[in-house]
Amino acid sequence: QPPEYHPEGDVWIHTLLLLEKLPGGVSPTLAWGALLHDIGKPATFSHNPPDRIRFNGHVEIGVKIAHEILRRLRFSNDDCAQILALVENHMRFGDVQKMKDSTLKRFFRLPQFDEHLALHKLDVTSSHGDLSLYDFAKRRREELPEQEVRPQLLVTGQDLIRAGYKPGPQFKEMLALAEDAQLEGRIHTTEDGLTLIRSEASKPS
């Protein structure tokens, strides 16, 4: 692996270090997430450019490989979903300091987010050791009240219908537009949300 990111060595050594750092009484889903988080790297190994080792797409490939392993071992649907979510989202911490508030809050909504945070800490302490992104994510999650992460929506489908919009595929886009603005503090009432939708989305038919 690239030594600037993984001075500990290859993926095998990295994975063993993660497993050694698992605390006693750890949940099975976190343990399996630690085991499988980089399972897609061998299949995506490349030199591009020739002096740079890359694993492009290792997350997507890893999810597919992990799903097959978990299916074969007959994991429950709930455990499978959580382990695959850990594999799928473990690289997203690289962007936490650049995420919009709406994106960050949706990231925090992942079920059992504490396991995502724990896996990231294991990943970092088993490689380059820089915990700045972990500290940022942990601090922001602790600072944000639950009602700001999962607020009661200001604009619902019923609000759109009352405003003259007909239910259809565009509803999802319009509701997401209003929810993003709410999570970012740009709207504070239902009417604010409808005004935003009227200005940026399709007009009522």
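## Close-up views of a predicted model

Arg 139 has a relative accessible area of 40% and is partly exposed (buried is under 20% relative accessible area, exposed is over 50%, and partly exposed lies in between, with a 1.4 Å probe and protein chains only). This is a predicted model, in which local features need pLDDT of at least 70 and side-chain atom pairs count only at pLDDT 80 or more, while totals for chains, interfaces and linings use all residues. Residues are numbered from 1 along each chain as its sequence is written, and side-chain values use heavy atoms, with hydrogens and water left out.

**View 1. In helix α8, Arg 139 pairs with Glu 143 in a salt bridge.** Here we pick up the arginine introduced above. The closest N and O atoms of Arg 139 and Glu 143 are 3.7 Å apart (a salt bridge is a side-chain nitrogen of Lys or Arg within 4 Å of a carboxyl oxygen of Asp or Glu). About one helical turn separates the two, because they sit 4 residues apart in α8 (helices are DSSP runs of H or I with at least four residues, strands are runs of E with at least two, and both are numbered from the N terminus). Glu 143 is partly exposed, at 45% relative accessible area. Side chains of opposite charge can pair when their charged atoms come close.

**View 2. Lys 138 and Glu 142 form a salt bridge in helix α8.** In this pair, N and O lie 2.7 Å apart. The helix covers residues 132-143, and the 4-residue spacing puts Glu 142 and Lys 138 about one helical turn apart. The glutamate, Glu 142, is exposed at 56% relative accessible area, whereas Lys 138 is partly exposed at 30%.

**View 3. Arg 186 and Glu 184 meet through their side chains.** This salt bridge has an N to O distance of 2.9 Å. Both ends can be placed by accessibility: Arg 186 is partly exposed at 46%, and Glu 184 is partly exposed at 23%.

**View 4. Four charged residues join in a salt-bridge network.** Its members are Arg 106, Arg 109, Glu 179 and Asp 180. For context, the search of the whole structure finds 15 salt bridges.

**View 5. Asp 10 sits in the segment before α1.** Helix α1 runs over residues 11-21. A polar atom of the Asp 10 side chain lies 2.9 Å from the backbone nitrogen of Ile 13, and the Asp 10 side chain also reaches the backbone nitrogen of Trp 12, at 3.2 Å. Such polar contacts are pairs of N or O atoms within 3.5 Å; within protein, one atom must be able to donate a hydrogen and the other to accept it, and residues adjacent in sequence count only if both atoms are side-chain atoms. Asp 10 is partly exposed, with 40% relative accessibility.

**View 6. Thr 29 is a buried residue of helix α2.** Its relative accessible area is 6%. The Thr 29 side chain makes a polar contact of 2.9 Å with the side chain of Glu 115. Not counting residues up to four places away in sequence, Thr 29 touches Asp 79, Gln 82, Ile 83, Leu 86, Gln 112 and Glu 115 (contact means heavy atoms within 4.5 Å). Other buried residues of α2 (28-36) include Leu 30, Ala 31 and Leu 36. The buried residues of this helix pack against α1, α4 (58-72), α5 (77-89) and α7 (113-125).

**View 7. Leu 22 lies in the loop between α1 and α2.** This leucine is buried, at 19% relative accessibility. Setting aside neighbours within four places in sequence, Leu 22 is in contact with Leu 30, Ala 31, Ala 34 and Leu 122. By contrast, Arg 54 stands 27 Å from Leu 22, C-alpha to C-alpha, with their positions 32 residues apart in sequence.

**View 8. The whole chain has 12 helices and 2 strands.** Along the sequence the order is α-α-α-β-β-α-α-α-α-α-α-α-α-α, and the C-alpha trace spans about 60 × 40 × 35 Å along its principal axes. Of the 205 residues, 42% are buried. Of the contacts between residues at least 6 apart in sequence, 61% join residues at least 24 apart.
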